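Got the viewer open? Let's walk through this one selection at a time.

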Amino acid sequence: MAAVAEIPADANKMDSKPKAESEFSVQKLVDMFTKLNPLAKEFFPSSYPPNHDHRLQGFNQLSPTHFLVNSKPSANENFANNRRRRNSFNQGRRRVSGRSLKAQREDSIRRTVYVSDIDQHVTEERLAALFSSCGQVIDCRICGDPHSVLRFAFVEFADEYGARTALNLGGTVLGYYPVRVLPSKTAILPVNPTFLPRSDDEREMCARTVYCTNIDKKVSQAEVKNFFESACGEVTRLRLLGDHVHSTRIAFVEFVMAESAIIALNCSGMLLGTQPIRVSPSKTPVRPRVTRPASIN
């Protein structure tokens, strides 16, 4: 019996060495797989979404063979990676576009002057004619309260030389007051080119059209038409526009005669309803509304 008992003891001694070697090999594999795990924290790129961190908690509990089986990225992960690449490309393109727009705006500011103390009876055409001696004027906007005696304007030139030359016109009497001319800190918001006249006929329409702002919301289109017809002349087309955001509305009024449009410019500051209106020459024609053909079901 003693001999029989010694056999298992010898067998245990013989098996102990291979078992230790086996355990060492498995541990070595575990260490290798841990280092090769592409989702380990040290391998995370900075662009990896933080909301995926909760998945790491389960990785530490998985066996090494799990990483071998699931080492191929899923379709969802491929889609997410492609989407991140596209987003990065779009963001880069937007940055380039933003820099281009900023450069254009800065160039426009350098070509623009700010004019203040403008007589309320001075029109944009008269102001542009004054500065045309300095260079080509590509835009002129008079702003301010139409009921105020003095207003201000922005005049944009085709080049910086014209804007620098225009600074010498400070102190020139225009109307009843000397104007002040300074470099502008802002650019003129451009008019949508689709609204500008496209033909000689539409340019002739602009000569007969005025742009009216600060119209009381309670005033109807018929009342606006009657106001201008009684004071200026026959109106051929009128477009009254407004929304729920602004407290007043605007209108484009086209007359039969260009002389009527010139007379209408003198209506700035006059009350229409409860508000003093501002009238200026229109840069856009009043196009007839396009009627869409009824769809046949």
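## First stop: a helix over a sheet

Select helix H5 (residues 124-131): it lies across E1, E2, E3 and E6, running at about 135° to E2. Lying across rests on contacts, meaning heavy atoms within 4.5 Å, while the angle is taken between N-to-C directions on a scale from 0 to 180 degrees, with axes as lines fitted to C-alpha atoms, for helices over the stretch in contact. The labels are DSSP runs numbered from the N terminus, H or I for helices of at least four residues and E for strands of at least two.

Before going on, keep in mind that this is a predicted model, where local features need pLDDT of at least 70, side-chain atom pairs count only at pLDDT 80 or more, and totals for chains, interfaces and linings use all residues. Residues are numbered from 1 along each chain as its sequence is written, and side-chain values use heavy atoms, with hydrogens and water left out.

Now show the strands under H5. They form an open sheet of four in the order E2-E3-E1-E6, with antiparallel pairing; two strands pair if DSSP finds at least two bridges between them. Which strands stand at the edges? Strand E2 (137-143) and strand E6 (180-183) do, each with a single partner strand, so one side of each has no neighbour in the sheet. From one strand to the next, the twist averages 20°.

Zoom in on strand E1 (residues 112-119). Six bridges join E1 to strand E3 (residues 150-157), and the two run antiparallel; pick Asp-119 and you will find Leu-150 of E3 opposite. Towards E6 there are four bridges, again antiparallel, with Val-113 opposite Pro-183. E1 is mostly covered, with six of its eight residues buried (buried is under 20% relative accessible area, exposed is over 50%, partly exposed is in between, using a 1.4 Å probe and protein chains only).

## A quick detour to a loop

Pick Tyr-176, in the loop between strand E4 (173-174) and strand E5 (177-178). Is Tyr-176 buried or exposed? Its relative accessibility is 69%, so Tyr-176 counts as exposed. Draw a C-alpha to C-alpha distance to Gln-120: the two are 9.5 Å apart in space and 56 residues apart in sequence.

## Second sheet

Next, select helix H8 (residues 221-231). H8 lies across strand E7 (209-216), E8, E9 and E12, at about 135° to E8. Those strands make an open sheet of four, ordered E8-E9-E7-E12 and paired antiparallel. Strand E8 (235-241) and E12 each have a single partner strand, so they stand at the edges with one side left without a neighbour in the sheet. Neighbouring strands here are turned by 20° against each other on average, direction ignored.

Show the ladder between E8 and strand E9 (residues 248-255): six bridges, antiparallel. One to label is Val-235, whose bridge partner in E9 is Phe-255.

## Around Ser-282

Move to Ser-282, in the segment after strand E12 (278-281). With a relative accessible area of 8%, Ser-282 is buried. Leaving out residues up to four places away in sequence, Ser-282 touches Cys-206, Thr-209, Val-210, Tyr-211 and Phe-252. Its side chain also reaches the backbone oxygen of Thr-284 at 2.6 Å.

## Cysteines

Show the sulfur atoms. How many disulfides (pairs of cysteine sulfur atoms within 2.5 Å) does the structure hold? Zero. Cys-212 is in no disulfide, and its nearest cysteine sulfur, that of Cys-267, is 8.5 Å away. Cys-212 counts as buried because its relative accessibility is 0%. Cys-232 is in no disulfide either, its nearest cysteine sulfur being that of Cys-267 at 3.8 Å. Cys-232 is buried too, at 11% relative accessible area.

## Last stop: colour by confidence

Colour by pLDDT, the predictor's confidence in each residue from 0 to 100. The protein chain has a mean of 76, and 62% of its residues reach 70 or more. Residues 1-7 come out below 50, with zero contacts in the model beyond near neighbours in sequence. Residues 9-14 also stay under 50, with zero contacts beyond four places in sequence. Where pLDDT is low, the predicted coordinates should not be read in detail.

Notes. A polar contact is a pair of N or O atoms within 3.5 Å; within protein, one must be able to donate a hydrogen and the other to accept it, and residues adjacent in sequence count only if both atoms are side-chain atoms. A disulfide is a pair of cysteine sulfur atoms within 2.5 Å.
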